[in-house]
Amino acid sequence: MARFREKVERLAGPLLLSPSVAVLLVVTIAPFVYTVWLSLHNFNLSYPNLFPFVGFDNYVRILTSSEFNGVMVNSAIITISAVSLEFLFGLAVALLISREFRFQGIVRTLLIIPMMIAPIVVGLIFLYMFQYQYGVIDYFLQLAGLPRLLWLGNPSLAILGVILADVWQWTPFMTVTMLAGLSAIPKDLYEAASIDSASPPFLFRKITFPLLLPVISVALLFRLADSLRLFDLVYIITNGGPGFGTSTMSFYSFKQALSYFNLGIASTVDTILLIIMIVIANVLIYFLRRMRSGGSR
Amino acid sequence: MSWSPRVKTLMRSLLLAGAITIILLVVLFPVFWMVLTSFKTRLQTFENPPLFIFPPTLEAYSSVLNLAAALGSSAVAEVTSWGGLVYPYVINSGIVGIGNVFLSLALGVPAAYALSRLNVRGKDNIAFWMLSLRFAPGIAIAIPLFLFFRILHLFNTYQGLILAYTSFNVPFVVWIVRSFLQDMPVDLEESAMVDGYTRFGAFTRVTLPLLKPALAVAGIFSLIFSWNEFLFALVLTSDKTATFPVYISRFYSGMAINWGAFMASAAVGIIPVLVLTLLMQRYITKGLTMGAIKG
């Protein structure tokens, strides 16, 4: 009987783990493998019987096309500007509201509202606000004595529009994460330092920032990955246009697959995106493992 | 010139109050604008300068909720540009969301338990592999699943979308529940086992009740993630099972968007999420930060 129980105990782990691992293999790893496989073929849904193996031809075609290079530049611009703005605003707001004040609870609750709203809804609200004829943003610009802007008329302004919507929605994520990080910093560190009458900027540089750094890096990586994959806001605010002028990698791949049925090219783009994501995920895991062995918990 | 300390403190708190007010204005304005627009007539939504004060009308809500019958007016039926009611899509979102919460918890909780309490070879690597799936590019899953599902007759079914959503919700559930379990002392469970409970008995009687907050966090977030998800729903469904975000995206296809009707249905669709957020605020903050500050 005891040996039976021991055996059950030994089998329990794999038994409890295997259903979820099996499902995840089916819904993530199988699609990834198939994506890579498709990227090595010329496959168009309009001609489902043709499936010639072309090696790395799709990669050569994609990486040398100015259209796709533009798309990668769009993704890079959106990611870098959105994430840095979110970081700066998020940190500033977190530092501002980390001290005790009345209504703190309400303020914190209201702050998380943007990220609970479906991105597609956020996109349409901003699309309405960005309208040239009757949009409220141009109305405010005019009130401030600035010129009205044709937000969605040219690629650079349209990209800025997408970035602003993303920053509006995700700055609160940075704030909330940093607040949690700030509250984990032991208070006696500040008390000890204030005996030496250290200035606030000094405290920030020597205590707050270094101790917040692990949280900052993880939060940045999460946001980095999310905005590199950005799809919803582009779909609804600019539809990738004019031309492919505001398309991100995800949107470009979507267009290739479901408008032109060009699955070979779409899968090539997806494979490139996948490789970038694997790199980011591994950096994150490296940070998390170091945090854990660094004795921060 | 020297200020008395009291004036200084007063000025500082005034500055703080001012800054917080500006932040809240920026954060809340788009939501306020959505709600305001949802009470405008179609013509009013196109007005320049934009209207801030006007007699509110339920015209837009009527067109997407079919309040016409209830309110005894018939002039609103043609208001929606493409003539769709929001109900079926909200119901689809509900079915997919709730179905997915149950499936993700059923798969994720045992896995999290195994990864934190039982002997499994390479369990740290498995846990990190699951976390890394949080970074999976959706498009590289959606397109192959679209091809698989067409063959397996799962395209445009609830089951198909529920299954697809496990790709991000199961890793999330595992990660949240695992970090809770790691923070929970093992002693309680072990002493219950010494007292003669089986491991399963100890789990259901001792650990599970303590795990309720974790299940709440994991469940609420899985629900919200499914509710808001757009790309998979767009690729893997068509009319019959399309969810609320897909419905919202279709306002775009009309020649002239009916902004009022759109804002009204957007408000209807995000009310459940906002209510959940306000009621469960404690858990929400926890879930948001867990991935970032826990290893």
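A residue is called buried if 20 or more other C-beta atoms, placed from the backbone, lie within 10 Å of its own. The exercises below concern a predicted model, and they centre on chain B.

**Exercise 1. Determine the secondary structure content of chain B and the share of its residues that is buried.**

Step one is to count the elements, which gives 14 helices and zero strands for chain B. Step two is to read their order from the N terminus, where every entry in the run α-α-α-α-α-α-α-α-α-α-α-α-α-α is a helix. Step three applies the definition of burial given at the start, and with it 45% of the 295 residues in chain B turn out to be buried. Step four turns to contacts in chain B between residues at least 6 apart in sequence, of which 74% join residues at least 24 apart.

**Exercise 2. Decide whether Y283(B) is buried or exposed, and identify the residues that it touches.**

Begin by locating the residue: Y283(B) belongs to helix 14 of chain B, which spans residues 281-293. Next, compare its neighbour count with the cut-off of 20; because Y283(B) has 20 C-beta neighbours inside 10 Å, it counts as buried. Then list its partners, leaving aside residues up to four places away in sequence, and the contacts are P213(B), A216(B), V217(B) and I220(B). Finally, consider A214(B), which is 69 residues from Y283(B) in sequence, while the C-alpha atoms of the two are 8.4 Å apart in space.

**Exercise 3. Describe how domain 1 of chain B meets domain 2 of chain B.**

First fix the bounds, which the domain assignment of chain B places at 5-71 for domain 1 and 87-293 for domain 2. The C-alpha centres of these two domains are separated by 31 Å. The contact itself involves 14 residues of domain 1 and 10 residues of domain 2. On the domain 1 side, the elements that give two or more residues are helix 1 (5-38) and helix 2 (59-65) of chain B, and helix 2 provides the largest share, six residues. Sorting this side by class then yields six nonpolar, five polar and three charged residues.

**Exercise 4. Characterise the side of chain B that touches chain A, by contributing element and by residue class.**

Start with the extent of the contact, to which chain B gives 78 residues and chain A gives 79 residues. On the chain B side, helix 1 of chain B contributes the most, with 11 residues. A division by class completes the solution, with 60 nonpolar, 16 polar and two charged residues on the side of chain B that touches chain A.

How values were computed:
Residues are numbered from 1 along each chain as its sequence is written. Chains are lettered from A and ligands numbered from 1 in the order in which they are written. This is a predicted model: local features need pLDDT of at least 70, side-chain atom pairs count only at pLDDT 80 or more; totals for chains, interfaces and linings use all residues. Domain bounds come from an automatic or database domain assignment. Two residues are in contact if their C-beta atoms, placed from the backbone, lie within 7 Å. Helices (H or I, at least four residues) and strands (E, at least two) are DSSP runs, numbered from the N terminus. Ala, Val, Leu, Ile, Met, Phe, Trp, Tyr, Cys and Pro count as nonpolar, Asp, Glu, Lys and Arg as charged, and the others, Gly among them, as polar. A residue is buried if 20 or more other C-beta atoms lie within 10 Å of its own, exposed if 12 or fewer, and partly exposed in between; C-beta atoms are placed from the backbone.
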